[in-house]
Amino acid sequence: MNVLALEFPPVNHLFDWPSIWFDGTLFAINKTVLIYLGSMLVTMVIFTLAGRQRDSLVPSGVQHVAESGVTFVEESVVMQTIGPDGKKFMPFLTTMFFFILFSNITEVIPFLQFPANSRMAIPITLAIVVWCIYNFVGVQSQGFFGYLKNSLFPPGVPKALYIIVTPIELVSTFVVRPFSLAIRLWANMVAGHLLLVTFAILSATMWDAGGPGYAGALVLSWPMLILMTGFEILVSVLQAFIFTILTAVYIGGSMHPEH
Amino acid sequence: MLNLLAETDPGEMLEGLKAIGAGLGYGLAAIGPGIGIGTVVGNAISAMARQPESAGMVRTTMFLGIAFTEALALIGFVVFILLLP
């Protein structure tokens, strides 16, 4: 692959990391796994520490982060989509939001600079977990046949149209949803990483070329790299938010069917 | 032009066609979602301007609409990655 006569590495080289420990076994650990473990630890530490200092009335430090995160998920995700009885999903949604956020944001953290969610494994696992949860909630709150009836035969549709609507609903509710959820997160992270890599390589190549290359790197590609880094921070937060809010929408949809 | 085509190695030709297909495919896949996201955000902004007190609800729904619309463009992007030689 050749972009603008640059030595652009093959796409696989950007996302395949060699194993660091336990090479060849099922438990091989590479950079992606380390980032996931790190973001899991950070999420656990933040909420454990914040849960311990419950005496302080005015939140500060870690507790402030945790409390504003919880309030954010409660007000702009749960209350907007599920309603008050969605509060029991708060722990799940909040931890998922922070886990996805921390494993996305490594995209712009210096020396890490790899969004762990640009590998498909964890996004698809999270999406399958979400799939299980919203189907379970649907069966639990409407009964098995009630849930099937409400999701396959949406009310308010003319009878004859069910020939078209039912297969579409079947495929979109039970097959496409988890995949679109996972692909949305994964593809956004892949695209962001490719964008950053392209501009970083462009800057480095121009700088190495010398002469007019210095001007090109300083004026064109380097500011663009900084701009894109800022944009990717936005995308990381937004994708974590969208994953969480879509989960909440799916749970809400199987909790309160349309009438 | 024909001579050039005849001299080209068929494997190389296939690679080139793949690259063209990937580029065109992503470009075409981005048209519809581009228009769609424009419509979603434009209408959300006009709704927020008319009723600033409902901005929170509109913003949430806007992100949902963007997420659903954007999925098509992302599938185009995935095809682009898969087709790259």
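The expected span of a helix is 1.5 Å times one less than its number of residues, and that rule is useful at the second stop of this tour. The model on screen is predicted, and every value below is computed from it.

**Start with chain A as a whole**

Select chain A and colour it by secondary structure: eight helices and zero strands should appear, so that the order along the sequence reads α-α-α-α-α-α-α-α. The C-alpha trace spans about 70 × 55 × 40 Å along its principal axes, and 33% of the 259 residues of chain A count as buried. Among contacts in chain A with a separation of 6 or more, 64% join residues that are 24 or more positions apart.

If you then recolour chain A by confidence, the mean pLDDT is 87, with 96% of residues reaching 70 or more. Within chain A, confidence is lowest in α1(A), where the mean is 81, and highest in α4(A), where it is 94.

**Select α4(A)**

How far apart are the end C-alpha atoms of α4(A)? They are 22 Å apart, which agrees with expectation, because 16 residues at 1.5 Å a residue should span 22 Å.

Show the side chains of α4(A) next: the buried residues are Leu93(A), Thr94(A), Met96(A), Phe97(A), Phe98(A), Phe99(A), Ile100(A), Leu101(A), Phe102(A), Ser103(A) and Asn104(A). These buried residues pack against α2, α3, α5, α7 and α8 of chain A.

Centre the view on Leu93(A), which, leaving aside neighbours within four places in sequence, is in contact with Val73(A), Val77(A), Val78(A), Thr244(A), Thr247(A) and Ala248(A).

Then move along the helix to Phe102(A), which also lies in α4 of chain A. Why does Phe102(A) count as buried? Phe102(A) has 22 C-beta neighbours inside 10 Å, and a residue is buried if 20 or more other C-beta atoms lie within that distance. With neighbours within four places in sequence left aside, Phe102(A) is in contact with Ser39(A), Val42(A) and Thr43(A). For a distance check, measure from Phe102(A) to Phe15(A), which is 87 residues away in sequence and 18 Å away in space, C-alpha to C-alpha.

**Widen the selection to the nonpolar core**

The largest nonpolar core has 47 residues, and those with the most contacts inside it are Leu93(A), Phe97(A) and Ile100(A). Elements giving two or more residues to this core are α2 (31–52), α3 (62–81), α4 (90–105), α5 (121–142), α7 (162–209) and α8 (212–255) of chain A, together with α3 (55–83) of chain B. Of these, α8(A) gives the most, with nine residues. A second, separate core of five residues includes Leu196(A), Phe199(A), Met206(A) and Ala217(A).

**Select α5(A)**

This helix has 22 residues and reaches 32 Å from its first C-alpha to its last, close to the 32 Å expected at 1.5 Å a residue. The buried residues in α5(A) are Ile122(A), Pro123(A), Leu126(A), Ala127(A), Val130(A), Trp131(A), Tyr134(A), Val137(A) and Gly138(A), and what covers them includes α2, α4, α6 (144–152), α7 and α8 of chain A.

Is Gln140(A), which lies in α5 of chain A, buried or exposed? Gln140(A) is exposed, with 12 other C-beta atoms within 10 Å. The C-alpha atoms of Gln140(A) and Met255(A) are separated by 8.5 Å, although the two residues are 115 apart along the chain. Just after the helix, Gly143(A) has a positive phi, near 80°.

**Visit two loops**

In the loop between α1 (11–15) and α2 of chain A, select Phe22(A), a residue other than glycine whose phi is positive, near 50°. Phe22(A) is exposed, with 12 other C-beta atoms within 10 Å. The loop between α4 and α5 of chain A holds Gln113(A), which is not a glycine and yet has a positive phi of about 45°. Gln113(A) counts as partly exposed, with 14 C-beta neighbours inside 10 Å.

**Finish at the contact with chain B**

Finally, display both chains and select the residues where they meet: 13 residues of chain B are in contact with 16 residues of chain A. The side of chain B that touches chain A has, by class, 11 nonpolar, two polar and no charged residues.

Technical notes: Residues numbered from 1 in each chain as written. Chains lettered and ligands numbered in written order. Contact = placed C-beta atoms within 7 Å. Nonpolar A, V, L, I, M, F, W, Y, C, P; charged D, E, K, R; others polar. Core = buried A, V, L, I, M, F, W, Y, C linked by C-beta atoms within 7 Å. Helix = DSSP H or I, 4+ residues; strand = E, 2+ residues; numbered from the N terminus. pLDDT = per-residue confidence, 0-100.
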